[in-house]
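Me: I have a model open and keep running into labels I'd like to see justified. Can we go through them one at a time?

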Amino acid sequence: ELVADLLPVHTSLRELQERPARHVTIAGVRLPGWTGGHGFFLGDSGTYIIVRGIDRAPPLWRPMILRGDWIHDEWGSFWFQSDAVEEIRT
């Protein structure tokens, strides 16, 4: 809510389930926690996802815009494979 007026048009994290295998822009904040590998948790209002494809995780609780692909595999796992991250400066 603090940066809502700074966000470009984006897909909410809740809407990602409806958009598998698509290139999308999302917004959220990095949450604490270990993903079990390279990546980090990204959250918004009550939804969180795992983000992969970033060499260095951004600081915790920093709002950001990410562009990439919402990926799912044959075992029913989903994650966001990012190819661009932009931190939002407040």
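Reply: Sure. Let's start with a strand pair: in β2, Leu42 is the bridge partner of Arg30. Keep in mind that this is a predicted model.

Me: What makes β1 and β2 a pair of strands?

Reply: The bridge count. Pairing takes at least two bridges, and β1 and β2 have three, in the antiparallel sense. β1 also pairs with β4, again antiparallel, over seven bridges. There, Gly28 sits opposite Met64 and Val29 opposite Pro63.

Me: And what joins β4 to β5?

Reply: Nine bridges, with the two strands running antiparallel. One of the partnerships is His72 with Phe78 in β5. The hairpin of β4 and β5 has five residues between the strands, and Gly76 takes a positive phi near 90 degrees there.

Me: How do you know that β1 is mostly covered?

Reply: By its buried residues. Buried means under 20% relative accessible area, and seven of the nine residues in β1 are buried.

Me: Which residues make up the largest nonpolar core?

Reply: Twelve of them: Leu13, Leu16, Val24, Ile26, Phe40, Leu42, Ile49, Val51, Met64, Leu66, Trp70 and Phe80. β1, β2, β3 and β4 each give two or more residues to this core, and β4 gives the most, with three. As background, nonpolar side chains in soluble globular proteins tend to be buried together.

Me: What does Ile49 touch, leaving aside its neighbours within four places in sequence?

Reply: Ile49 is in contact with Leu13, Leu16, Ile26, Phe40, Phe41, Leu42, Trp70 and Phe80.

Me: Why is Tyr48 called exposed?

Reply: The cut-off for exposed is over 50%. Tyr48 has a relative accessible area of 55%, so it gets the label. Tyr48 lies in strand β3, residues 48-52. Beyond residues up to four places away in sequence, Tyr48 still touches Leu31, Phe41, Leu42 and Gly43. Take Leu31: it is 17 residues from Tyr48 in sequence, and their C-alpha atoms are 8.4 Å apart.

Me: How many salt bridges does a search of the whole structure find?

Reply: Two.

Me: Why does the contact between Arg62 and Glu87 count as a salt bridge?

Reply: The rule asks for a side-chain nitrogen of Lys or Arg within 4 Å of a carboxyl oxygen of Asp or Glu. For Arg62 and Glu87 the N to O distance is 2.9 Å, so the pair qualifies. Arg62 is in the loop between β3 and β4 and Glu87 in strand β5 (residues 78-87), so this salt bridge ties together parts 25 residues apart in sequence. Arg62 has 28% relative accessibility and counts as partly exposed; Glu87, with 23%, is partly exposed too.

Me: How do you know that Arg67 and Glu86 form a salt bridge?

Reply: Their closest N and O atoms are 3.9 Å apart, and the limit is 4 Å, so the pair is counted. Arg67 lies in β4 and Glu86 in β5, so parts 19 residues apart in sequence are tied together. Arg67 is partly exposed at 29%, and so is Glu86 at 41%. In general, side chains of opposite charge can pair when their charged atoms come close.

Me: Why are the rings of Trp70 and Phe78 called stacked?

Reply: Two tests. Centres have to lie within 6.5 Å, and planes under 30 degrees apart count as stacked. Here the centres are 5.5 Å apart and the planes are at 20 degrees, so the pair is stacked. The count comes to one aromatic pair. Trp70 is buried at 2% relative accessible area, whereas Phe78 is partly exposed at 31%.

Me: Which ring does Arg52 lie over?

Reply: Arg52 lies over the face of Trp79, 5.2 Å from the ring centre.

Me: Last one: what is the phi of Trp61?

Reply: Trp61 has a positive phi of about 65 degrees, although it is not a glycine. Most residues other than glycine have a negative phi. Trp61 is placed in the loop between β3 and β4. With a relative accessible area of 53%, Trp61 is exposed.

Notes:
Residues are numbered from 1 along each chain as its sequence is written. This is a predicted model: local features need pLDDT of at least 70, side-chain atom pairs count only at pLDDT 80 or more; totals for chains, interfaces and linings use all residues. Side-chain values use heavy atoms; hydrogens and water are left out. Helices (H or I, at least four residues) and strands (E, at least two) are DSSP runs, numbered from the N terminus. Buried means under 20% relative accessible area, exposed over 50%, partly exposed in between (1.4 Å probe, protein chains only). Contact means heavy atoms within 4.5 Å. A nonpolar core is a set of buried Ala, Val, Leu, Ile, Met, Phe, Trp, Tyr and Cys residues joined through side-chain atoms within 4.5 Å. Rings of Phe, Tyr and Trp (its six-membered ring) pair if their centres lie within 6.5 Å; planes under 30 degrees apart count as stacked, over 60 as edge-to-face and the rest as tilted. A charge sits over a ring if NZ of Lys or CZ of Arg is within 6 Å of the ring centre and within 35 degrees of the ring normal.
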